[in-house]
Amino acid sequence: MAKVAFLGLGVMGYPMARHLKAKGHEVTVYNRTTAKAEQWVSENGGRAAKTPREAAEGQEIVFACVGNDDDLRQVTLGPDGAFHGMGKGTIFVDHTTASAEVARELYAAAKDKGFSFIDAPVSGGQAGAENGVLTVMCGGDAEVYAKAEPAIMSFARASRLLGPAGSGQLTKMINQICIAGLVQGLAEGIHFGKKAGLDIEAVLEVISKGAAGSWQMENRGKTMNQGKFDFGFAVDWMRKDLSIVLGEARKNGASLPVTALVDQFYADVQKMGGNRWDTSSLIARLDK
Ligand code: NAP
């Protein structure tokens, strides 16, 4: 069992840190809004630190799950950032969905200071975090990853090293590219079925057993049909992720016409007031 810290007790971080504690790790937490850290300690035990730096001091592994590149830079390199408190030979594991560029930058900064950095974005959403069954996509050095993997598996069903620094973030980008086009296709299918006057639930039940079946169809088809979006992975987060994806594609020359179009469809959903709606809300702009 390891001495660990977790920075960022949001929708994802709060339950991820809880799983680390439940598996027997000694956990220190930090959250910008301190009330959340205090609540976490009152529910789970452990200790709350006042700054990321204080949280990182004396730990073997420090985990983070914050919003975007800038937030990540703030909790690592900022004046009271965790990188000022990390000991030699320790490991920083970042679960934020961020750019490959910031992952490489932080990997290099960590190396300079004598510790290691793994970029480790996750997939599986709030339910995956609550149930400890996330998928974790990692980038970094193999021997460092091997040391961190047992602790990562406290809240994951699958975790894998995909290559050098940034590879975890690049893999998460592929995950989001695959989701974007698929959700639009599912939205169009359900929209079409409604116009055709079919029983959508019966349609989804039968076609989900065939070649059109998907996680999105199984888990989101019914609620899309009902127009329920008040849960899940927010459109604002998806637009942040797609902007990272499209930025990377401009650099590596990949052609992503459908992803770019779906990003604009999500902008339409935002204009409809759907910033916090689940990503399955793409159907709302067709049905309106
Ligand atoms: P969230 O509920 O909004 O939580 C964000 C956390 O980061 C909060 O603890 C927040 O602190 C902290 N934070 C943000 N900016 C900060 C800053 N500048 N300095 C210090 N702390 C800061 O977000 P989430 O849903 O947990 O998502 C976190 C990350 O996981 C994002 O990168 C997201 O894209 C990714 N992700 C989310 C899901 C999902 O379904 N939610 C799925 C996969 C991946 P405060 O409490 O003080 O605001």
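A charge is said to sit over a ring if NZ of Lys or CZ of Arg is within 6 Å of the ring centre and within 35 degrees of the ring normal. In this predicted model, Arg-285 fits that picture: it lies over the face of Phe-265, at 3.8 Å from the ring centre.

Rings also pair up with other rings, and the structure holds 6 aromatic pairs. One of them joins Phe-83 and Phe-92, which meet edge-to-face, with 5.3 Å from centre to centre and 75° between the planes. Both Phe-83 and Phe-92 are buried. Phe-92 also pairs with Phe-117, but here the rings are stacked, with centres 5.9 Å apart and 10° between the planes. Since Phe-92 belongs to strand β5 (residues 91-94) and Phe-117 to strand β6 (residues 116-119), this pair ties together parts that are 25 residues apart in sequence.

How hidden are these two rings? Phe-92 has a relative accessibility of 0%, so it counts as buried, and Phe-117, at 1%, counts as buried too. Buried, after all, means under 20% relative accessible area. Zooming out a little, Phe-83, Phe-92, Phe-115 and Phe-117 make up one aromatic cluster.

Elsewhere in the chain, Thr-34 is found in helix α2 (residues 34-44). Its relative accessible area is 44%, so Thr-34 is partly exposed. Thr-34 and Ile-207 are separated by 173 residues in sequence, and their C-alpha atoms are 48 Å apart in space.

Technical notes:
Residues are numbered from 1 along each chain as its sequence is written. This is a predicted model: local features need pLDDT of at least 70, side-chain atom pairs count only at pLDDT 80 or more; totals for chains, interfaces and linings use all residues. Side-chain values use heavy atoms; hydrogens and water are left out. Rings of Phe, Tyr and Trp (its six-membered ring) pair if their centres lie within 6.5 Å; planes under 30 degrees apart count as stacked, over 60 as edge-to-face and the rest as tilted. Buried means under 20% relative accessible area, exposed over 50%, partly exposed in between (1.4 Å probe, protein chains only). Helices (H or I, at least four residues) and strands (E, at least two) are DSSP runs, numbered from the N terminus.
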